[in-house]
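Please walk me through how this protein chain is packed, beginning with its nonpolar interior and moving on to its helix pairs and a few loop residues.

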Amino acid sequence: MALFQPFQLGHLYLPNRVVMAPMTRGRAGSSRVPNALMAAYYAQRAEAGLMITEATSISEQGLGWVDSPGIYTQAQAEGWQTVVQAVHNQGGRIFLQLWHCGRASHTEFHPAQGLPVSASAIAIQGDAIHTPSGKKPYETPRALETDEIPAIVEDYRQAAVRAKAAGFNGVEIHSANGYLLDQFLQDKTNRRTDRYGGSIENRCRLLLEVVEAVQTVWPAGQVGVRISPNGVFNDMGDSDARALFFYLAAQLNPYRLAYLHVMDGLGFGFHGNGTPIGLGEFRAYFTGTLIGNVGYAQAEAEERLRGGDADLIAFGRPFITNPDLVTRFRHGLPLNDYSDMRHWYTPGSVGYTDYAKAEVPVGV
């Protein structure tokens, strides 16, 4: 079966094509320092061909989720080093996902810095945000000044430096799901009139600058990028998503990335502008490794791999409750149920490291 075929990802040999998708789990505590519980969680799932960590904030300004980890202090880098070593001890491979929440945040996460920042002063409409003191309405963010943007790029570069020191196999730049880089890409959130706004070319500029900065630290083949061309999460949706994301994919192609991680599935909803973009459509614009994501079942993943639409498939929620997901897929074993989300984001081991592994029948 295609999922269990090996794959050469740059310098990394992957024993299978199952990727553990990044999933925010909120176990780092108020210090944002990765800990022994997190190391155990990732080590449990190390049979994945590739693991991508939960989104990890590049700066205090980039915070926007209770108890999520950071990579902007030495202590945080050392905490991640423990996680990486635990994964490597199990024979795994792991990339760190670099994150800035942008407007998907609240002053409570960074009171000294004030309002969240974004491409433009446009608030998220809809649900409230979970802050350290409880649920609150989204604030209208402050638009970043043009001369502030180089410091954001430098934050990404410094985070990449710390990730390399922690021993990761690579990094993924999170430019999806309505977070800061995505807010600059899409015209629903970017109404700027400077060199970072207006045309598609200008709106892609910040992400490309971040890619270039991170590639001064990491070889090109150890840097991935994640995008969500169909997603409505965090109140997103470009008026011409096809033009934007196909242009972006073509611009990313010369950077010889480790991969382009495309959230093509509609599990987080669809913005409704035009028709959803299929994963295979990116092949015309991006010649490197493609990862498909969101809502894939095993059979659909096999179909996409055999058809050439994807090289790797990322699984999220199934990995939460099935630390041995690859083994279960390989032997056709039933999955643990993942409909009960009550403890997915709460402190402690419950709903985190306490899921049982399957017993593989003798002779299978």
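Which residues of the largest nonpolar core touch the most other members? In this predicted model, the largest nonpolar core holds 88 residues, and V214, L260, F282 and F315 are the ones that touch the most other members. The element that gives the most to this core is helix α5, which spans residues 200-214 and supplies eight residues. A second core, separate from that one, has 14 residues, including F7, I52, A258 and I291. As background, nonpolar side chains in soluble globular proteins tend to be buried together.

The surroundings of F282 show what such a core residue meets. When neighbours within four places in sequence are left aside, F282 is in contact with I227, P229, F245, F246, A249, L260, V262, I277 and L290. One of these partners, L260, is itself among the four residues that touch the most other members of the largest core.

The next topic is helix packing. Two packed helices are described by the angle between their axes and the distance between the axes. For α5 and helix α6 (residues 241-252), the axes come within 10 Å and cross at roughly 40°. Because angles under 35 degrees count as roughly parallel and those from 65 to 115 as roughly perpendicular, α5 and α6 are oblique to each other. The crossing in which α5 passes α6 is right-handed. On the α5 side the contact is made by I200, E201, R203, C204, L207, L208 and V211, and on the α6 side by A243, L244, Y247, L248, Q251 and L252. Sorted by class, this contact has ten nonpolar residues, one polar residue and two charged residues.

A further pair is formed by helix α1 (residues 36-44) and α2, whose axes come within 8 Å and cross at roughly 30°. At that angle α1 is roughly parallel to α2, since angles under 35 degrees count as such. Here too the crossing is described as right-handed, with α1 passing α2. In α1 the residues M38, A39, Y42 and A43 take part, meeting W80, T82, V83, A86 and V87 in α2. By class, the contact of α1 with α2 has eight nonpolar residues, one polar residue and no charged residues.

Three loop residues complete the tour. P69 is placed in the loop between β4 (50-57) and α2 (74-89), and with a relative accessible area of 0% it is buried. Not counting residues up to four places away in sequence, P69 touches A28, R32, P34, M38, E54, A55, T56, S57 and W80; of these, M38 and W80 also belong to the contact of α1 with α2. Although P69 and T24 are 45 residues apart in sequence, their C-alpha atoms are 9.0 Å apart in space.

G316 has its place in the loop between β14 (312-315) and α8 (317-321). Its relative accessible area is 18%, and G316 is therefore buried, as buried means under 20%. Beyond residues up to four places away in sequence, G316 touches A21 and M23. G316 and M20 are separated by 296 residues in sequence, yet lie 6.3 Å apart in space, C-alpha to C-alpha.

Q222, finally, lies in the loop between α5 and β11 (223-227), and at 13% relative accessibility Q222 counts as buried. With residues up to four places away in sequence not counted, Q222 touches H11, F95, N169, G170, V171 and A258, and A258 is included in the second nonpolar core.

Methods: Residues numbered from 1 in each chain as written. Predicted model: local features only at pLDDT ≥ 70, side-chain atom pairs only at ≥ 80, totals over all residues. Heavy atoms only, no water. Core = buried A, V, L, I, M, F, W, Y, C linked by side-chain atoms within 4.5 Å. Buried < 20%, exposed > 50% of the residue type's maximum accessible area, 1.4 Å probe, protein only. Helix = DSSP H or I, 4+ residues; strand = E, 2+ residues; numbered from the N terminus. Contact = heavy atoms within 4.5 Å. Axes fitted to C-alpha atoms, helices over the stretch in contact; angles between N-to-C directions. Parallel < 35°, antiparallel > 145°, perpendicular 65-115°, else oblique. Left-handed = near helix turned anticlockwise from the far one by under 90°. Nonpolar A, V, L, I, M, F, W, Y, C, P; charged D, E, K, R; others polar.
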